[in-house]
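I sat down with this one today and kept notes as I went. Here is what I looked up, strand by strand for the most part.

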Amino acid sequence: MTDTAYGHSLLVSRPSRLSRFIGVSVVGHIALLVAAVLYARLSSGPKMDLDAKPIKASLVRLGKPRDPKLLPRKEQLPPPPKQVDAPKPPPDAPAPAPTPAAVAVPIPGVKPEPSSAPKPTPQKGETTGEDRRKRLFGAFDKTAKAAEEEPEGAEDGDPDGDSATAEGERYFGLLQSQVRRHYNVADTIPETERLRLNTVVAVRLGRTGEVLDVSLTKPSGNDLFDSAVVTAVRKAAPFSPPPEHLRETLQKHGVNLSFRPNAL
Amino acid sequence: MKALLLSLLLLPLAALAQAPTIEISGANFRPLPVAVPAPVTQNEGAKKLASDFDKAFGFDLAASGIMQVLDRKSFTADAKEGMTAGSINFSRWADVGAEALVKVSLAQDGGTARGELRLFNVATGREDLKVAKDAPADKPEQLAHRLADALYRHFTQEPSPFLSRITYVLKSGNNRDVYVADWDGDNAQALSKGGINILPALSPEGSQVAFTTYRKGRPDIFVQKPGGDARAVVSEGQMATGASFSPDGKRIAYSLAEGESAQIHVANADGSGARAITDTPYGLNTSPTWSPDGKRIAFVSNRGGSPQIYVMGADGSGVRRLTFQGNYNQTPDWSPRGDLIVFTARDERNAFDLFTINVDTGKVTRMTQDQGNNEEPAFSPNGRLILFTSTRDGGSKLYVMTSEGNNQMPLRASKGTLLTPDWAPLAQGE
């Protein structure tokens with residue numbers, strides 16, 4: 001009886017498992033909370049990417065629109081008058097002396113390369129010896145590639161955000177803009193002919209974007225135009241390395257570039 | 001499921017297995033880079049011609065606006081390289097940026113200078129043109145213009161301006177004399193000797209010049225052939241100025257001042273049958289210029305308060321104001337192509353500059369800016385170039401540029417103070 005009464009008394013403290021559970025639970029919750037806070041702190045803080053290029057924004061004040069009663073002004077300065085060195089008959093010594101001062105005709109709308117490139121790019125007029133020329137062109141290729149890809153901003157896009165197709169389209173867009181930059185056609189082509197000219201060039205590209213082969217698959221019939229488009233492709237090379245899934249196609253089958261002189 | 005994903009991934013690849021095609025259009029048109037090595041001389045006589053020939057030939061190509069003549073100092077080719085495709089190392093020409101190579105060989109044969117020109121496409125190594133011309137041995141520039149013209153025709157399929165003539169006024173002391181010259185300013189010949197002779201205009205084929213002269217004490221219009229005598233065609237009113245030949249050469253338009261007004265008149269080329277085609281009692285109407293079809297005349301009038309360019313029928317009908325920008329527009333010249341009128345305007349900075357206006361759309365385009373005063377424009381016979389005066393290098397000299405305002409350069413021979421040039425409207429054929 002005593003046993004039973006004692007055993008059932010509420011006043012007697014007995015060892016219970018409940019407090020242990022509560023203790024473990026509280027500690028566990030606190031640990032979880034701390035872990036969550038720590039995780040949030042560590043993972044969501046601003047990442048410092050030393051390679052990231054700063055975005056430069058500049059505020060410009062839009063001027064008042066020019067009074068329509070006034071005569072228009074040129075946005076760009078007119079090209080300075082080209083001084084034509086009266087060509088002299090060659091001196092007795094036939095070896096041409098290299099000078100950097102090659103006469104360059106300023107072409108409106110086309111940026112002269114030396115002023116736009118960040119590093120001094122070699123001018124054609126400077127080249128003399130074969131070795132020197134190769135060295136210069138090698139250097140040019142490197143700088144040209146860096147300079148050309150910069151404005152596209154495609155190469156450092158989201159690495160796993162796009163499907164292969166979009167990546168391919170983006171790559172072809174890049175090719176197009178790289179070629180168009182060098183798409184210079186002579187003024188000597190008569191205006192009537194400009195309307196009908198069309199040349200297709202097949203280009204095969206290597207893994208790193210180097211040009212393996214350029215061939216005219218459909219000549220226009222105008223030699224100057226045909227050679228101008230081939231020159232455009234060669235000058236635009238090397239291209240950006242093709243995306244993985246296009247490499248084989250571009251190496252085996254290449255890509256067709258269809259050129260027309262006038263804007264569509 | 002995996003198979004489906006894989007096929008989705010490979011579908012675009014399968015599509016690309018055939019070479020894809022990219023369309024590229026909208027080329028940058030720019031002058032053709034041409035390498036023109038010094039002419040090869042076949043004999044001793046040719047050596048004497050070579051320098052003068054070379055200067056004239058180089059200017060023609062450089063000022064044409066469609067070619068960029070590369071600096072010879074950059075050339076790496078062997079100076080003794082031959083004239084035929086087989087003997088030319090084209091890669092050396094490609095290296096210096098040339099897309100076309102022009103080789104000329106000269107010979108003197110008694111009183112005749114002979115020249116042979118060959119044009120090569122540097123990329124293909126093909127000879128595209130082979131042409132021979134000759135000229136009097138004492139005029140190697142003439143030979144240069146003829147060969148340059150052949151080259152220009154080959155490219156553009158139209159006559160070049162190289163064989164055309166220009167006229168201008170040379171100011172010396174108190175005298176103003178009328179000259180005619182080759183298009184590059186060379187080979188100049190005086191028409192008048194002393195006194196005041198102004199505002200010359202060449203007849204379409206360039207054979208005679210109409211100009212205003214004070215030789216009878218008051219400003220009259222005379223017509224003169226180079227080497228011939230001047231004859232008066234308009235000697236009435238207080239002042240007759242701004243003669244302009246119609247494109248067929250049969251009529252002249254000019255401005256006749258009387259009292260407080262000046263009216264545009266049209267007469268036969270000999271001055272007969274004159275009649276006024278404007279009638280503004282107190283207005284000044286000056287500087288007529290014909291449209292290439294001879295049906296319309298553009299002129300300057302201050303009837304609206306300030307000098308502006310107007311257009312009317314050649315009989316004076318349908319007057320329409322053309323310029324509405326700027327408050328001082330003058331000296332119009334109608335392009336032989338018909339679409340543009342080039343004129344001088346004073347802008348809000350009080351500088352005189354050249355502008356073109358599209359006759360149909362009214363669109364005004366600036367040609368010159370921030371380089372002295374630029375005035376008195378005249379279109380070349382083919383409408384591709386504009387001759388004008390500029391004070392950019394001090395005194396008033398003659399310059400030429402393309403009709404888009406590019407490639408502005410001084411004429412080869414431009415000494416002294418030169419004013420009011422005009423260009424013969426018709427190209428000279430060979």
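I began with strand E2 (residues 199-205) of chain A and sorted its residues by face: A:Thr199, A:Val201, A:Val203 and A:Leu205 are on the covered face, while A:Val200, A:Ala202 and A:Arg204 are on the uncovered one. I kept in mind that this is a predicted model.

Next I looked up the pairing of E2(A). Strand E4 (residues 255-259) of chain A pairs with E2(A) in the antiparallel sense over 5 bridges. I noted that A:Val201, from the covered face, stands opposite A:Leu257 in E4(A).

E2(A) also runs antiparallel to strand E3 (residues 211-218) of chain A, with 6 bridges joining them. Here I found A:Leu205 with A:Val211 of E3(A) as its bridge partner. I then checked the hairpin of E2(A) and E3(A): 5 residues lie between the strands, and A:Gly209 takes a positive phi near 95 degrees.

Still in chain A, I turned to residues 20-40. The unreviewed UniProt entry annotates them as "transmembrane region". In the model I found this span to be 100% helix and 0% strand, with its end C-alpha atoms 30 Å apart.

Then I moved to chain B. I traced an open sheet of 4 strands there, in the order E12-E13-E14-E15 with antiparallel pairing. Its edge strands, E12 (197-202) and E15 (231-234) of chain B, each pair on one side only. From one strand to the next, I noted a twist that averages 35 degrees.

My last lookup was strand E14 (residues 220-224) of chain B, which pairs antiparallel with E15(B) over 3 bridges. B:Phe222 has B:Ala232 in E15(B) as its bridge partner.

Methods. Residues numbered from 1 in each chain as written. Chains lettered and ligands numbered in written order. Predicted model: local features only at pLDDT ≥ 70, side-chain atom pairs only at ≥ 80, totals over all residues. UniProt positions renumbered as here; feature names shortened; annotations may be inferred. Helix = DSSP H or I, 4+ residues; strand = E, 2+ residues; numbered from the N terminus. Pairing = 2+ DSSP bridges. Axes fitted to C-alpha atoms, helices over the stretch in contact; angles between N-to-C directions. Buried ≥ 20, exposed ≤ 12 C-beta atoms within 10 Å, placed from the backbone.
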